[in-house]
Amino acid sequence: MKHNLFSTEPLRQKARRTLAFLCLCLLWQVANAQEIKSPNNQLALQFALQNGGVPTYQLTYKGRPVLKPSKLGLELKNAPALLRGFTVADTQQRSFDETWQPVWGEVKSIRNHYNELAVTLTQAETQRTIRVRFRLYDDGLGFRYEFPRQPKLDYFTIKEERTEFALTGDHKAFWLPGDYDTQEYSTVTSNLSQVRGLMKAATTPNASQTPFSPTGVQTPLMLKSKDGLYINLHEAALIDYSAMHLELDDKNFVLTSHLTPDAVGDKGLIQTPANSPWRTLIVSDRAGAILESKLVLNLNEPTKYQDVSWIKPVKYVGVWWEMITGKSTWSYTNLENIKLDSVDYAKVKPNGTHGATTAHVKEYIDFAAKHGFDAVLVEGWNTGWEDWFGKHKDYVFDFVTPYPDFDVAELNRYAASKNVKLIMHHETSGSVRNYERHLEDAFQFMNKYGYNAVKTGYVGDIVPLGHHHYDQWVNNHYQYVLEKAAEHKIMVNGHEAVRPTGLARTYPNLIGNEAARGTEYEAFGGNNADHTTILPFTRLIGGPMDYTPGIFQTKVSAYNPQNTSFVHSTLARQLALYVTMYSPLQMAADLPETYNQHLDAFQFIKDVAVDWDDTKVLEAEPGDYITYARKAKGKSSWFVGSTCDEQGRTSKIDLGFLDPGKKYVATIYADAKNAHYEKNPQAYQIRKANVTNKTKLSQYCAPGGGYAISLMEAGK
Ligand code: NOJ
Ligand code: CA
């Protein structure tokens, strides 16, 4: 006889009861679950309260799980946690669709299109209310905590934010050691389960560093699942909050937010009403979609500035690489153990290696003017360079006193006469209080002499000691500098500051940031050959980087025999970086004397645009290769750049992006067949071809190489 579950009455009753219970549970779940879909229906976000009133969310892409149910909430200092005991007090849904024009950017206009779910949660026991706002875009998810003003949640201190990102498996990750003070690490590519084993070797020395965990990693974090899903995790609109890192549970592949602590270990002082930054996930089954995403920018507020006419993309050269390589010095003397305010520079003997002399800066100005650059950066122009590094000094640079051999008035007059600007440099040595002390005078000084852009720097530990480069208080400092600079119509390029989170939408005078391992490290031991195939997927997700490409003399020993470092790139790839490393601020970082020996290749740097009407990702795979095409702002010309890893490859592209019916002259700057980033970096070939939007191109890239193409409309 066939066994029948319902053949006996008691069994049937039991089954009915179980069924009824399951239905009830489901109903309860549905009552508490809220779902929204992205405008194209491919992403679905579900919010639900788990048992005990624990808020969770989960995410799917084309029906595939991206995040399993992941908990939300915060722990507070000396107050009950905002983690459980919640009921849903209200939910609101809406759709939003706008198109906006960035002041500068990769494209002329940006569509900001999302479906939103705002869930208001009440913790009855403590009479406190928070809101979680989710915005679901076609390219990903953003969500934040909102803390409305209320009697029982007026002012509080965050002990830790406990936002989970429960991944579906042991994804491949492109990660940096989690650190409260630096992002200047080489990216490690490994599975998440390997992070712990690789952490020690990955944590290379830096002038200021505070790693916090054997499985802590930074954002933007790029992930790829075994079934080919690309996921980027970061944050947007980091304002008055500490920067988020991620703590990895390497057994269950759950990432949990880990905020940067301040000098007493607190992770955020919040007065309501207030919002957290947005936590962002960009998701696609196509790598190029991660690079095309504008989600992080879209989650920032529109610009606050009425007048943006003074904000302009900049192509520059500078008295810089010669100091980085050790050919010349920032300091004017070789005095050691001096006390800055007791030195009369006019009376001491100069060291003869000072880079920023009036005569030498004039050579750079002449070079800039001759080749059509907008500006010249000059570092080491001001007193104090003998007495700062690693000293944790409070009073150090005053940002207004030039060395005796730097004639600030004459140089700005000379530059202006040649239609070139000087770029100011403020190395703060991490003494943020000292910088704020002098900031107003420093900006007035810049206004007086005609500077309109400043490169700031925060080398070394933050002073006041105990603070970290990425804590709330120091993030507020960067914000203060940015907004003060705007009052003086000054553009800012911050080095060693917190990594960007799309703030340039709101504050477009933030035209650059470092916050990663830049070209300078090619003179400090080198960057991996695949570094520039990863950065656009990681660091650049938050905003442009002042990567300072354009090094043609890849052997650093040519400038300083004692320095054996070399640039892990071919010369042709250095050209490609002007296209692949998007920035409205681009430096031609090598020395004029070197460019003068390669004027044919230098022509690409002269021609390439720094502001764009359109951008196409032609090929991309993190860690392997990236090929971009970009259309110059207001012009018919296009530029293509391709960078590849140490393997080399043949890139196949279709010029279908060109305007139909138009003829273009392509100038292709490429690796020679025998080029190699280490063995033969300067072997390049330049050839011209007539092309149209029907042309397909197959182009060799050497190991550690790449290529650059300018496409000018024929006859223009
Ligand atoms: C580190 C910066 O990244 C570099 O560009 C600068 O030259 C030095 N600090 C000195 O300020
Ligand atoms: Ca740096």
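**A calcium site and an open sheet**

Modeller: In this predicted model, the calcium ion (ligand 2) is coordinated by oxygen atoms (OE) of E184, E496, E514, which is listed twice, and E520, at 2.3 to 2.6 Å.

Biologist: What makes these atoms count as donors of the calcium ion (ligand 2)?

Modeller: An O atom is a donor to Ca if it lies within 3.2 Å, and the distances here are 2.3 to 2.6 Å, so the atoms named qualify. Along the sequence, the donor residues follow the spacing E-x311-E-x17-E-x5-E.

Biologist: Why is the site of the calcium ion (ligand 2) called irregular?

Modeller: Six donors count as octahedral if opposite ones are over 155 degrees apart and all others between 65 and 115; the angles among the 6 donor atoms here run from 51 to 161°, and because 51° fits neither range, the site is irregular.

Biologist: What does it take for E514 and E520 to be called buried?

Modeller: Buried means under 20% relative accessible area, and both E514 and E520 are buried.

Biologist: Why do β29 and β34 count as edges of their sheet?

Modeller: The open sheet has 6 strands in the order β29-β30-β31-β36-β33-β34, with antiparallel pairing. Both β29 (612-621) and β34 (684-691) have a single partner strand, so one side of each lacks a neighbour in the sheet.

Biologist: How do you know that β29 pairs with β30?

Modeller: Pairing needs at least two bridges, and 8 bridges join β29 to β30 (residues 625-632), so the two antiparallel strands are paired. Within this pair, D614 stands opposite K631 in β30.

How values were computed: Residues are numbered from 1 along each chain as its sequence is written. Chains are lettered from A and ligands numbered from 1 in the order in which they are written. This is a predicted model: local features need pLDDT of at least 70, side-chain atom pairs count only at pLDDT 80 or more; totals for chains, interfaces and linings use all residues. Side-chain values use heavy atoms; hydrogens and water are left out. Donors are N, O and S atoms within 2.8 Å of the metal (3.2 Å for Na, K and Ca); water is not among the atoms, so sites may look incomplete. Four donors count as tetrahedral if all angles lie between 85 and 135 degrees; four count as square planar and six as octahedral if opposite donors are over 155 degrees apart and all others between 65 and 115; anything else is irregular. Buried means under 20% relative accessible area, exposed over 50%, partly exposed in between (1.4 Å probe, protein chains only). Helices (H or I, at least four residues) and strands (E, at least two) are DSSP runs, numbered from the N terminus.
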